[in-house]
Amino acid sequence: MPRPRKTSAPPKDAQSYRHPEADLAARPEIGAQAHFKKTKPPTSYRFDSSLAPELQWDGQNPAREPAEALIKEIADCGLRIAELAKQPAGSERDREITNQKSKIKNAESRLRKISGPFLNWSGKAERLSFDVPTLPLFIHERLSTKAILETLKGHKRDKQDDFLDALYGFQERPLADQLLRAYEYRDNWVNRLMLGDSLVVMNSLLRYESLGGQVQMIYVDPPYGVKFGSNFQPFVRKRDVSHNDDADMTREPEMVQAYRDTWELGLHSYLTYLRDRLLLARELLAPSGSIFVQISDENLHHVREVMDEVFGAENCCAVIPFKKTSALGSARLDAVNDFLLWYARDQEKVKYWQLYLPVVDDTYSFTWVQEPDGTERRLTSEERHGKKPISGRLFRTDNLTSQSGGSTTGFAFALQGKEYRPSSGAFWKTNEEGMRALARANRLIAVGQTLAYKRFADDFPARRITAWWDDTVPSTFATEKLYVVQTYAKVIERCLLMTTDPGDLVLDPTCGSGTTAYVAEQWGRRWITCDTSRVPLALARQRLLTATFDYYTLKDEQRGPAGGFVYERRQNQKGEEAGGIVPHITLKSIAHNEPPAEEVLVDRPEVVKGVVRVTGPFSFEATIPTAEGLDTKPETPDIQGEQYEMYVQRMLEVLRRAPVLRLPGNQTVTLKNIRPPAKTLALSAEAVVDKASLTNLADDASKQPALTRETDAVAILFGPENGPLSERLVREAWDEAGLKHYSRLYVIGFAIDPKARQFIDSAAKIGLPCTYLQATMDLQMGDLLKNMRSSQIFSVCGLPDVAVRRVKLPRSAIRNPQSAIEQWQVELLGLDTFDPVTMEADHLNAAEVPAWLLDTDYNGMVFRVRQAFFPRTGAWENLKKALRVEFEDTIWDHLAGTTSAPFPAGEHGQIAVKVIDPRGNELLVVKKLEDK
Ligand SMILES: C[S@@+](CC[C@H](N)C(=O)[O-])C[C@H]1O[C@@H](n2cnc3c(N)ncnc32)[C@H](O)[C@@H]1O
C-alpha cells in the first residue's frame, strides 16, 4: 500500500481562482438558450405490457400476445434441441444446445411473471406508457467554497480601517499555512444541484446527456405516500411543521409538493408517480449499479411490489430496517424504524463492498475468557453485564467439524491425553497436520465430549454488517436536522460505501436538504441531485457551501478520487488496529500456517492531517426549453403544439378557480371572465377586473402603479411550462397588450429571467403597468395532483433592496499591486416581500434573510457565487472552527452579515445579488457599477 502524502502544495494565489468555464457541452449556461437549437420531442416510456392488471387472457388483455409468443418460443427451442440431438457431438453443437436451453429458461421465467400475482391500482391499466418533455439542463449558478474564501483572502490588513482590519487581519499569516482543499475531478466534471421534477431531470440526463447506464448508485427518499396533508417544510429556518395547520400550508411556489393532500387519487396516484420515476432510474443505472428506496412501513409492501415489477424480484438485494428515532412512548409498539429497499440493476453484476462494524467488548457473542495465566473459563454474569472488568482475551467456541469431508478428515485426535472424534457423519474442518497446528497455537478447547475451535474477539477486530441497522440514530445533538424530513447521514453513507467506489456517480432525485450530495462529497463520489422545491434546495446549497470534511489521502492526485483512497494497516497506542486494513486470523490461516488474510475497511481511508477539505465546485441547474419552446408558441398542431395548448388550458382552468390575485402594496384584485383572447400573437388570456374587488389602491402607490378604474380589461401571459420567462416573451406580450389598450399585463410564470423581471418592474414608467406572479411548480404535476386551494397557487415575491457604493482602499490593503484602489461594496438593505399567509406586503430586514449571494462581475447569464452570506445563522460555524488559525472571528461575522467585502469592478461592469427569501424563493437584482 502506498503511504499517504504528508502535506499538499500551498493553495493557488487567492486571486487566481476561477470557476471552471465549461464542463459538458450538453449543459450550456443560462442565457445561451436563444442559440440552443437542439430541440427534441418528448420521450415516450412504455411499461412491460404483459404486466397487465387482468389475469384472464381474453382478446382485450395485453398479456395474451406476449404470453403466446413465449409459449411458441419454448416450443421452437424444444424442436431445435431435438434436431441438434441428432447431429454429431461437438463443441459447436453443445454450445447451441446450451443456448437453446437458456432461452427456454428465460421464456419460462417471463411466463411465470405474467401469471404471477401483482399489484393493481386505479389508473395503472390505462397507463401503459407516458410522455416526458425532453429538455436540456442549463447552468444558472456556479458555486465554490474555495472561490468564496479565497476572494476574501486577496486583501491586506490595514490598521487604520476598523472594518478592513477585522476583515483582513488573517493576512498576517503566511499563505502556505492555509491548507484548504477540495476534491476535483478529471474532464472538468462539476457536481450538480438542480431545480426540477425528477422525471424531467432524469429524462434530460438520459436523452440530452446520454448518462444512461452510468449512474452507480441512486438513492431515493420519496414522500412516503401517507398523511398527505402534513410533513412539509414551508420555511427555510422553521423546522417544525404541524398537520394541516393553515399557517404551514405554504402558498409559495414549489413547496414540498408531495407532502400535501394534493394527490388526485391518493395512494393510487402516488404509486403511479413512483413507478414512472423508478422506470427512468433503472435506465440510468450502470450494469453493476444499485438503487435504494427509503420508505416507511405503511407502504413498504406496495413499493416493494412496484420495485419487483420494474427491477425484477430476482434483483432485490435486501430489505433493510434502519432506526430513525428512539422510543416514542405510544400506546402500543413504537415504530422506531423505516426501511430501505435495495435493488441491483443486475444481481449477478452488482458492485458490493462488505462493510464492517467495530467489535468492542462483545460479551454477547464472546462468552469465554482466556486469562493471562492461560486459564479458560466462561464469563461470569457480572462480567457479561459490564459490572466487573474482564482481564484476559475474550473468545467464543466455534464448531470444528463440518458435514463434508473425507478419509483425511475423519480421524481420531488426541488432546491432553483424551481422544476426540467428529460425531457420526461429520468431519474435522482440517486434516491431521492442520489439527496439530491448531493445538500448537492453543486454539482447541474441549467442550463436553467434543472439541471446539477457540475464536478470539481480537482475531478480527470487526464484524460484518448485516441487513439490520439499529445504530443509525446519532448519539449526540451535534447533528441537528436542517430539514424536517432529513435522513441521517449514516444511512446513506452505508448505502454509498457498500455499492460505489470513489469517483463513481451517485444520483438522488429527491434532494431535500442534500444529505446524499453531502455524503457523496464527503466520500469523493460525483453527485447529481434535484428537487422540485426551492426550500430544501436553499438548505442544501447552504449545507454544501459551508461543509468541512477530512482530506482522505488519494492514491493518485492527478486522477483525483477516481484513483481511489489510500488504506494502511496501523495500530493505536493501545495496540488496537486503527487503520483501514486489518488482519483477519482464521482457522484456515492457523491450520495452514499462513499469515492472516487482510480486509479493507472502506470507511477508514488514511487522512491527511491539517488539511481542511471543503465541497468542490458545483453548479445549480434547471431545465429550460430550447429557443423555439421558450420564445414562441408552436404554430403547428404537432405533439408539442398540442401539449402547449393543453398546458394553457390547464393554466386557464386554474386561474378561473383561483381568480383572486394578491399584489404588493396590500392590493387584491379579483379577475372574472377569464378566457383566451380572440386573436393574439403573444398573449395567453384576457380577463376583466372585478371593480368591487379593488382594495387599498391608495396604499403605497409608489411601489406599484395603481390599477386604473377606467378600463378594466387586463391581459395575461403564461410563461413556459418548464423554464423561465424571457425578456423577449414579456416584451412581445407587453407591446401587444399596450396596442390593444388593456389596462395592465399580468405575467404568470414558474421562473423568470432577471432581465425580464427588470423590464416588468420598470414597465409602468414607459407605458402599460405590468405585474409578475410566480406560480407553484405543483401545477406541473398535471393529472396526478388534485385541484389546489386557490391561495396556494400564485404569489408575488418582492425584490431585493441593495445599495452599491464605492470604497477607497488604502494602498496597504491591496495585495496585488495591479488591483484598483477604488473598489465597490454592496449592502443588502432588505427585501420587499409579500407574505402569502397574512396576505400582506412587508419589508424584510436584511438581517432576517436566510441567505444572499453576490456575483461581483455578473455576465448577464450564469450567476457565479463569489461571496455568500448567511445572516443570523451559524452556517459558517464548521469552517470557522476548522480555519480558526487562518481567519479572525470578524471575518465570519462579516459572512453572516449584510455588507459585502470590497471588490474591484469586473469586465462586465455590473453585479448581481441573489436573495433567498424565507420560503426559498430566489430573487435577483442586477446593478451596473456606475456613479450615481
Ligand atoms: C423526504 S424528502 C428527502 C429528504 C432527504 N433525504 C434529506 O435528507 O433531506 C423528499 C424530497 O423530494 C422532493 N420531491 C418530491 N417529489 C419530487 C419530484 N417529483 N421531483 C423532485 N423532487 C421531488 C420533495 O420536495 C422533498 O424535498
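Start with the second largest cavity, which has a volume of about 80 Å³. Keep in mind as you go that this is a predicted model. A search of the whole structure turns up five cavities of 30 Å³ or more, and this stop stays with the second largest of them.

**Stop 1: the cavity wall**

Select Ser198, Met202, Val220, Pro222, Tyr273, Leu274, Arg277, Leu278, Ala281, Pro509 and Thr510, and you have the lining of the second largest cavity. Now colour helix H5 (198-207) and helix H6 (267-284), the elements that each give two or more residues to that lining. H6 gives the most, with five residues. If you colour the wall by class, expect eight nonpolar, two polar and one charged residues.

**Stop 2: the ligand**

Next, show the ligand and the 22 residues around it. Which of them come nearest? Look for Asp221, Tyr273, Ser513, Thr515 and Asp531. Tyr273 may look familiar, since it also lines the second largest cavity. By class, the shell around the ligand has eight nonpolar, 10 polar and four charged residues.

Three distances are worth drawing here. Begin at Thr515, where a polar side-chain atom lies 2.5 Å from an oxygen atom of the ligand. Then go to Ser198, another residue of the cavity lining: one of its backbone N or O atoms lies 2.8 Å from a nitrogen atom of the ligand. Finish at Thr532, where a polar backbone atom is 3.4 Å from a nitrogen atom of the ligand. Turn on a surface to see how the ligand is covered: on its own it has 600 Å² of accessible area, and the protein covers 99% of that.

**Stop 3: the sheet**

Switch to a cartoon view and pick out the open sheet of 10 strands. Walking across it, you meet E8-E9-E7-E6-E21-E22-E5-E27-E3-E39, and the pairing is mixed. Where does the sheet end on either side? Strand E8 (316-323) and strand E39 (863-864) stand at the edges; each has a single partner strand, so one side of each is left without a neighbour in the sheet.

For a last close-up, move inward to strand E5 (residues 191-195) and strand E22 (residues 526-531). The two run parallel and are joined by four bridges. Select Arg192 and you will find it opposite Ile528 in E22. E22 also takes you back to the previous stop: it spans residues 526-531, and Asp531 is one of the residues that come nearest to the ligand.

Definitions and conventions
Residues numbered from 1 in each chain as written. Predicted model: local features only at pLDDT ≥ 70, side-chain atom pairs only at ≥ 80, totals over all residues. Heavy atoms only, no water. 1 Å grid on protein atoms, 1.4 Å probe; cavity = no way out; pocket = protein on both sides within 12 Å on 5 of 7 lines; lining within 4 Å. Points joined across faces, edges and corners; volume = space filled by probe spheres on them. Nonpolar A, V, L, I, M, F, W, Y, C, P; charged D, E, K, R; others polar. Near = heavy atom within 4 Å. Polar contact = N/O pair within 3.5 Å; in protein donor to acceptor, adjacent residues only side chain to side chain. Areas by Shrake-Rupley, 256 points an atom, 1.4 Å probe, with all protein chains shown as cover. Pairing = 2+ DSSP bridges.
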